Amino acid sequence: MPTIHWFRRDLRLADNPSLLAAVEAARADDGLVVPLFVVDPVLSATAGAPRLAYLTHSLRALDESLGGRLVVRHGRPRDVVPAVASEVGASQVHVTAATEPYGRRRDEGLSLVRTGSPYAVAPGRLLTRGGTPFQVFTPFRRAWLDHGWAPPAPRPTGSPWAHLRSDSIPVPPATDVRLPPAGEAAALRRWQEFLRDGLARYATDRDRPDLDGTSRLSVPLKYGELHPRTLLAGLPASADVFRSELAWREFHADVLWHHPTAAHTSLRDVVPDDAWAAGRAELAAFAAWAEGRTGYPIVDAGMRQLRALGWMHNRVRMVVASFLVKDLHVRWQRGAEHFMAWLVDADVSQNQLNWQWVAGTGRDAAPYFRVFNPVTQGRTFDPSGSYVRQWVPELRGVDGVAVHEPWRLRTPPDGYPAPIVDHAVERKVALDDFHRARD
Ligand SMILES: Cc1cc2nc3c(=O)[nH]c(=O)nc-3n(C[C@H](O)[C@H](O)[C@H](O)COP(=O)(O)OP(=O)(O)OC[C@H]3O[C@@H](n4cnc5c(N)ncnc54)[C@H](O)[C@@H]3O)c2cc1C
C-alpha cells in the first residue's frame, strides 16, 4: 500500500521528518511513496513573479533529487490531494504542518498525517507560565532555548518513490530579478560556505549592507530547502547572535499562529486614522518609494536592490519600511504588499510581523516614536557609501560618505532627485500624530 508525501514548504529530502514518516509507513506495508507537489492556483495568483520563478527552479531540483519521480498536479489541493490518494489507493497523506493562515485553512477538513513544522519549535507550542502566548521576544527566546529541538532527521535511504503520471513543472514566469541558485544541494552549500567564511564575522558585519555579512539563507528557509533544525545543530555554542535571529523567525511565526489577523491588521493602532496619506498624495509617495526615487540614497539603494535581487539587506529593510510609514505616512500594509510581490523570501509571518515591528504596531515592536533617520542610518551602516554607489548609478561619481547627503554637494548629481520630503519635518508630523492618539 503506497503512502503520499505532499511537499509544501519542505522542498528537501534531508531532515524532513514528515517525508521520513511517509517512507517508514510505506515500507511497513511493502509500499512506495508518492512524492506529490500541488500547483495551487490560489498561491500562483497571489505570489510575485520572483517567488514563482524561484519555486519552479526549486521544484526542478527536488525532482532531480527524487530521480525524476516528483508528481506534480495542478488544481485546488482540496480536490487534487484526495483524488491522487484514491488513484493510488494510498493509506495516508503525510505533510509538514502548515502554520500560517492560508495553509491552515487549506488543510482544514483534509485527512492528513502531520509531522513537524517549518520551525524548530512548532508555533503555538510555547506558552508563558500563566499559559498565555508570549508578547515579548526575550522571554520567548529563553523558553525556546529551554524547550530545545530534536536532532536533524536522516535522509531516507534507497529510492522508495512510486512511478506515477505527473503534470509538468510550471514554466517560470519572466522576471528580471537575478535569482539565487535553488534547491536543497545549493542551500546546503551556502550554509557550509557561511559556516566556514561568514559566521565568525556575523555579529560584527550583519548590520552592514555594504558587506556580504549575512547568510542569505532566508530564501532556502522560506521554501524549506533547509530546516532551521539543521542550522541549529551545526551552530557552535558561541553563535548566540545568529541563533537569536533564527529565534526571531520563530517568534514571528508564533505571533501569527496566535493572531492570524496580524497578516492584514495592526495588532494595535498607534496613530489616528486621519494620520495616513490618502488619494493622490499617497499614490505619488508610494510610487517614489517603490521605484527608489525618494532622494534619500539609502532608501533608494534598498528599493533598487529589491528589484534587482528580490532580496534586501535586513538593516535596509528596516530603514525603507520606517521611511514609508513615518516619513511618507503610508500604511505598513501597502509596503508589506510590495515586499510580498518582490521578495524571493517573502513570507507572510516574517514579512507582516517585521513590518508591524517597524511600524510600532506589532508585539514587542520598535516604539512608534523611534523614527529611523535615513542619513544617520546610511552614514553608520554604509560608512564608505559603497552600498549606495552599487545600487544608485546616478551617485557613482560621489566619493565617500558624502553620498548619503547629495543635496549638500556643490553640484548636485545629474538625474538624481531632490528629497521628496524633509525628514526633520515629517518626523515631527509622525510624533505629533502619535501623541495626538494618546491625548
Ligand atoms: C520590513 C521587513 C520585512 C521582512 N520580510 C521578510 C520576509 O518576507 N521573509 C523573511 O524571511 N525575512 C524577512 N525579514 C527579516 C530579515 O530582513 C530577513 O530574514 C533577512 O534579511 C534575510 O537575510 P539573511 O538570510 O542573509 O539573514 P541573516 O542575517 O543571515 O539571518 C539568518 C536567518 O535568521 C532569520 N532572520 C534574520 N533577521 C530576521 C528578522 N528580523 N525577523 C525574522 N527572522 C530573521 C532569517 O530566517 C535569516 O535567514 C524582513 C525584515 C523587515 C525589516
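## Around the ligand

Four helices, α9 (218-223), α11 (240-258), α14 (314-327) and α16 (348-359), each supply at least two residues of the shell around the ligand. Of these, α11 gives the largest share, with 6 residues. Please keep in mind as you look around that this is a predicted model.

Let's start with the shell as a whole. It holds 27 residues, and the closest to the ligand are Tyr202, Thr214, Ser215, Arg216 and Asn314. Sorted by class, the shell has 13 nonpolar, 8 polar and 6 charged residues.

Where does the ligand lie with respect to the domains? Both domain 2 (118-152 + 184-258) and domain 3 (273-438) give residues to its shell, so the ligand lies between them. The space that the ligand takes is the second largest pocket.

Now for the polar atoms. The table lists three pairs that join the protein to the ligand.

| Residue | Protein atom | Ligand atom | Distance |
|---|---|---|---|
| Ser215 | side-chain N or O | oxygen | 2.6 Å |
| Asp345 | backbone N or O | nitrogen | 2.9 Å |
| Asn354 | polar side-chain atom | nitrogen | 3.0 Å |

Taken alone, the ligand exposes 810 Å², and the protein buries 97% of that area. Ser215 is a good residue to pick out on screen: it is among the closest to the ligand, and its side chain places an N or O atom 2.6 Å from a ligand oxygen.

Note on methods. Residues numbered from 1 in each chain as written. Predicted model: local features only at pLDDT ≥ 70, side-chain atom pairs only at ≥ 80, totals over all residues. Heavy atoms only, no water. Near = heavy atom within 4 Å. Polar contact = N/O pair within 3.5 Å; in protein donor to acceptor, adjacent residues only side chain to side chain. Areas by Shrake-Rupley, 256 points an atom, 1.4 Å probe, with all protein chains shown as cover. 1 Å grid on protein atoms, 1.4 Å probe; cavity = no way out; pocket = protein on both sides within 12 Å on 5 of 7 lines; lining within 4 Å. Sits in = over half its atoms within 2 Å of the grid points. Nonpolar A, V, L, I, M, F, W, Y, C, P; charged D, E, K, R; others polar. Domains from an automatic or database assignment.
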